[in-house]
Amino acid sequence: MQFLFNRLTVGKLSFLIWVLLALNSCKTKTSEEKTADDSSIKLVKSPSFNADSAYQFVQKQVDFGARVPNTTSHKLCGEYLVNTFKKYGLQVTEQAFIATTYDNKKLNARNIIGSFNPKASKRILLTSHWDSRPFSDADSVDKTKPVLAANDGASGVGVLLEIARTLSISGKNLDLGVDIIFFDAEDWGNSGEATDKFSGYCLGSQHWAANKHIPNYTAYFGVLLDMVGAKGATFPKEGYSVQLAESVVKQIWDIAGQLGYGDFFLDQRGSAITDDHVPVNETAKIPMVDIIHTQPNNLSQTFFEDWHTAHDNMDNIDPKL
Ligand SMILES: [Zn+2]
């Protein structure tokens, strides 16, 4: 049950790290270095991963229960994320803020930022959201239960924690810095009538984009991971990413194809999803792509089956294709 998820995760992990290394520069010489047949891009050996570790990072978050802002589970999971960053030597910045939801609740929210190689001027930004949705409004039965959010939240954070771990081991000679931001309060949005452009979603990323943790902070490019762990995950090229960060999309999907991940990273345009990358592109002016699971060639059935239901749990991370 665990195996396929691990395999998929490892694939994406090594792919992402590869992108970091390759786009940084081709100066890094390794015994594995070679030139791709049909381009001048050099493949650089990526750090090795522990697949069980990636899976455990997801499990650990889910074990806290639903990480809904203003709950103990949320607070404790936040402490866990901070401590895990510290354990791997990342410099941690906690950006606390009060978020006002579309239904006028005040949330004690915090974006959690882990910086690897904080002094490097050339930087890459990797993000995911760490909060859980407070209601399972897409569920046919349990509409008021909070979402456990194994996939819609914890999966992306789990991949990024594994990247933090591997950076701490293998990233010492990297000539760049990596910032990992776990955005809070992404998922308290209104699924009914749109209340504003974001319909109450993406409160943490909107806050960060308007109040960067370092004044004038910028990054070479950014990648947002959202819902990356479900069975049969497919990643068409998300619409806003193509619109706002087209060259980054092209590079990532081209590289994924070259690495043999074309069955996951589909060479087709998907729906445009309002997600944390939108304020990062528009307000923070950093080109960021959203790697998000949507259904191929089916714009009406957008996300994975158990999206925003009481069934987005570890069982949903299913190895069976
Ligand atoms: Zn969601």
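Let's start with the nonpolar core. In this predicted model, the largest one has 42 residues. Which residues have the most contacts inside it? They are Leu81, Ile180, Phe182 and Ile291. Several elements give two or more residues to this core. The helices among them are α3 (72-87), α4 and α7 (246-258). The strands are β4 (106-116), β5 (123-129), β6 (177-183), β7 (221-226) and β8. Which element gives the most? That is α4, with seven residues. As a general point, nonpolar side chains in soluble globular proteins tend to be buried together.

Take isoleucine 180 as an example. Set aside its neighbours within four places in sequence. Isoleucine 180 is then in contact with Phe85, Leu90, Ile112, Ile113, Gly114, Leu126, Leu160 and Ala164. Apart from the 42-residue core lies another core. This other core has 13 residues, among them Leu125, Ala209, Ile286 and Met288.

Now the strands. Look at β7. How many of its residues are buried? Six of six, so this strand is mostly covered. Phe221, Val223 and Leu225 point one way from β7. Gly222, Leu224 and Asp226 point the other way. All of them are buried.

β7 has pairings with β5 and with β8. With β5 the sense is parallel, over four bridges. There, isoleucine 124 has phenylalanine 221 of β7 as its bridge partner. With β8 the sense is again parallel, over five bridges. Here the bridge partner of aspartate 226 is isoleucine 292, in β8.

Step just past that strand. Histidine 293 is found in the segment after β8 (288-292). Is histidine 293 buried or exposed? Its relative accessibility is 2%, so it counts as buried; the cut-off for buried is under 20%. What is histidine 293 in contact with, leaving aside neighbours within four places in sequence? One stretch of partners is Asp226, Met227, Ala230, Lys231, Gly232, Ala233, Thr234 and Phe235. The others are Thr302, Phe303 and Phe304. Note Asp226 in that list: this is the β7 residue that bridges to isoleucine 292.

On to the zinc ion. What are its protein donors? They are Asp152 (OD), Asp187 (OD), Asp187 (OD) and His308 (NE2). Note that Asp187 appears twice in that list. The donors lie 1.9 to 2.6 Å from the ion. Along the chain they follow the spacing D-x34-D-x120-H. Aspartate 152 lies in helix α4 (residues 150-170), and histidine 308 in the segment after β8, so the pair ties together parts that are 156 residues apart in sequence.

Are these two residues buried or exposed? Aspartate 152 is buried, with a relative accessible area of 2%. Histidine 308 also counts as buried, at 2% relative accessibility.

What about the geometry? The four donor atoms make angles of 55 to 148 degrees, and the site is irregular. Why not tetrahedral? Because a tetrahedral call needs all angles between 85 and 135 degrees, and the range here runs from 55 to 148. For reference, the ideal angle for four tetrahedral donors is 109.5 degrees.

Last, the whole chain. There are eight helices and eight strands. Of the 321 residues, 59% count as buried. Take the contacts with a separation of 6 or more: residues 24 or more positions apart account for 77% of them. The protein exposes about 13,400 Å². Carbon and sulfur atoms supply 50% of that area.

Terms used:
Residues are numbered from 1 along each chain as its sequence is written. This is a predicted model: local features need pLDDT of at least 70, side-chain atom pairs count only at pLDDT 80 or more; totals for chains, interfaces and linings use all residues. Side-chain values use heavy atoms; hydrogens and water are left out. Buried means under 20% relative accessible area, exposed over 50%, partly exposed in between (1.4 Å probe, protein chains only). Contact means heavy atoms within 4.5 Å. Accessible areas come from the Shrake-Rupley method with a 1.4 Å probe; for residues, only the protein chains shown count as cover. Donors are N, O and S atoms within 2.8 Å of the metal (3.2 Å for Na, K and Ca); water is not among the atoms, so sites may look incomplete. Four donors count as tetrahedral if all angles lie between 85 and 135 degrees; four count as square planar and six as octahedral if opposite donors are over 155 degrees apart and all others between 65 and 115; anything else is irregular. A nonpolar core is a set of buried Ala, Val, Leu, Ile, Met, Phe, Trp, Tyr and Cys residues joined through side-chain atoms within 4.5 Å. Two strands pair if DSSP finds at least two bridges between them.
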